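Reader: I should be grateful for a close look at a single annotated part of this model, with attention to backbone geometry, burial and contacts. Please then set that part beside the cores, the pocket and selected residues elsewhere in the chain.

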Amino acid sequence: MDLFEYMRSTNMEKEAPLAARMRPRTLDEVVGQEHIIGKDKLLYRAIKADKISSIIFYGPPGTGKTTLAKVIANTTSAEFQQINATVAGKKDMEEVVAKAKELQGMYRKRTILFIDEIHRFNKGQQDYLLPYVEDGTIILIGATTENPYFEVNGALISRSVIFELKPIPREAIKELLKKAVYDTDRGMGAYNGTIDEDALDFLADISGGDARHALNAIELGIMTTEPGPDGKIHITLDVAQQCIQKRAARYDKNGDNHYDTISAFIKSMRGSDPDAAVYYLARMLNAGESVTFIARRIMICASEDVGNADPQALVMAVNASLAVERVGMPEAQIILAQAVTYIATAPKSNRSCEAVFQAMQEVQATGDLPIPAHLQDAHYKGAAKLGHGTGYKYAHDYPNDYVEQQYLPYELSGREFYQPSGNGYEVKIREHMARIKKEAAEASSKNKES
């Protein structure tokens, strides 16, 4: 590196956005993600020992995927190369591979290739990498905001370890923001700024676990706010709201308002009020609630409160959950609204829910009662000699594919756990069960008479 290149690099580092300057340089500076980089975790040990294998970082924006790659770059003895899949092509990869072969052959030095936005590569580009990952020419580190099991070549997946990064915890973001405001080395400390506690809380909440989003707001606030009479730049709640262009919502994800809102949301769907349900959905989305959390609650409601009165409700809810993971905000709100209004207007029944609760109580009260011999497996060695399976009636050999026989343990004979309601599709279930039982009883009676 010549003098001019060194000066350019130094100036770029000083003038880089705050989020780039505050990026951790060592493992000890990384906030959050203790589930994968805690001191007893595999990734932490692998980085410290410089024994990285091919890995893929998967998670929302601003959670540290590129940061971890940079930390690895700072700690490894291997050659570190970086490309971005949004602009790189096959020629760029060919150059990396050629240099990697040269380093491996001449110096026995490994090459780590970090590919940001790896899901942007098409199948052909990903296939090109495969043999070089497999033979160890390159160690791949991929970063993606998309589910790698959908977007990354299955062969690459099978040769990599997947690490899912979570949104950065609220308290960790608050500490990061305070460091950004007061740090005079890489932060904004030279501007003599200060931040109020409620502004910290607001930015930590509204960032949704995205550290970059929060740091950008802090930088904008300090750079555009005039100093007060005391000569300091004050980042108040009002300044924070303006910087992120969103009004503070009274919604603490760890407090009563969070639980009150989700409770009202679920009860509105259960109570068949689509207007209230979609209103509380909007409240949660406006406050930055996780769309995956909302989708989980919709799935539970679909099974617990709609159940077999409309079996399609659970199908709708599960598909919505998968769709919001693929699409993300802001379009995810459309998908959630469709699922919510469907669940809210569907006929309701909790009979299947009650059935399993009653069955669980019975199991806990009576233990593992003997299974009737004719239902037991007759295929394993010696089972048939013990009478297992003897006398079993194959339902499909009988009219309506139904035959009366003892299915419950004999001690529970006649016990009913599931009693279909008179709502929606459960009406048909109830009528169907009544009909086939009646016809089976009549057929049995005729057989006895003859």
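**The annotated span and its surroundings**

Author: The end C-alpha atoms of residues 51-169 lie 28 Å apart, and this span is 42% helix and 22% strand. The model is predicted, so local features are considered here where pLDDT is at least 70. The span is chosen because the UniProt record, an unreviewed entry, places the feature "domain: AAA+ ATPase" at residues 51-169.

Two residues help to describe this part in detail. The first is K99, which belongs to helix 6 (residues 90-107). Apart from residues up to four places away in sequence, K99 touches E79 and Q81. The C-alpha atom of K99 is 9.8 Å from that of T137, although 38 residues separate the two in sequence. With a relative accessible area of 39%, K99 is partly exposed, because the value falls between the 20% and 50% limits.

The second is E117, in the loop between strand 3 (111-116) and helix 7 (123-134). Its backbone calls for comment: E117 has a positive phi of about 55 degrees, yet it is not a glycine. Is E117 buried or partly exposed? At 23% relative accessibility, E117 counts as partly exposed, since buried would require a value under 20%.

The start of the span also has contacts with what precedes it. A46 lies in helix 4 (residues 42-48) and touches K51 and I52, once residues up to four places away in sequence are set aside. A46 has 16% relative accessibility and therefore counts as buried, the limit being 20%. The C-alpha atoms of A46 and R435 are 64 Å apart, with these positions 389 residues apart along the chain.

Turning to the nonpolar interior, the largest nonpolar core has 30 residues, and those touching the most other members are L18, L177, I195, L203, L215, I218 and I222. Two or more residues of this core come from each of helix 2 (18-21), helix 10 (170-182), helix 11 (197-206), helix 12 (211-224), strand 7 (233-235) and helix 13 (237-244). Within this core, I218 illustrates the packing: leaving out residues up to four places away in sequence, I218 touches L18, L177, V181, I195 and L203. A second core, separate from this one, has 29 residues, including V291, F293, C301 and L336.

Further along the chain, the backbone shows another point of interest. M329 and P330 are joined by a cis peptide bond, with omega about 10 degrees. P330 sits in the loop between helix 17 (312-327) and helix 18 (332-345).

A second positive phi is found at N400, where the angle is about 65 degrees although the residue is not a glycine. N400 is located in the loop between helix 19 (351-366) and helix 20 (425-449). Its relative accessible area is 31%, which means that N400 is partly exposed.

Helix 20 also contains R430. Beyond its neighbours within four places in sequence, R430 is in contact with P420, S421 and G422. R430 and P420 are ten residues apart in sequence, and their C-alpha atoms are 5.7 Å apart. At a relative accessible area of 42%, R430 is partly exposed.

The pocket completes the account. Rolling a probe the size of a water molecule over the atoms shows where empty space is left. The second largest pocket holds about 600 Å³ of space. Of its 18 lining residues, Y402, R415, E416, M433 and K437 are the closest to the pocket centre. Sorted by class, the lining comprises eight nonpolar, five polar and five charged residues.

Conventions:
Residues are numbered from 1 along each chain as its sequence is written. This is a predicted model: local features need pLDDT of at least 70, side-chain atom pairs count only at pLDDT 80 or more; totals for chains, interfaces and linings use all residues. Side-chain values use heavy atoms; hydrogens and water are left out. On a 1 Å grid over the protein atoms alone, a cavity is a set of points where a 1.4 Å probe fits but cannot get out, and a pocket is an open set with protein on both sides within 12 Å along at least five of seven lines; lining residues have an atom within 4 Å of a point. Grid points are joined across faces, edges and corners, and a volume is the space filled by probe spheres set on the points. Ala, Val, Leu, Ile, Met, Phe, Trp, Tyr, Cys and Pro count as nonpolar, Asp, Glu, Lys and Arg as charged, and the others, Gly among them, as polar. A nonpolar core is a set of buried Ala, Val, Leu, Ile, Met, Phe, Trp, Tyr and Cys residues joined through side-chain atoms within 4.5 Å. Buried means under 20% relative accessible area, exposed over 50%, partly exposed in between (1.4 Å probe, protein chains only). Helices (H or I, at least four residues) and strands (E, at least two) are DSSP runs, numbered from the N terminus. Contact means heavy atoms within 4.5 Å.
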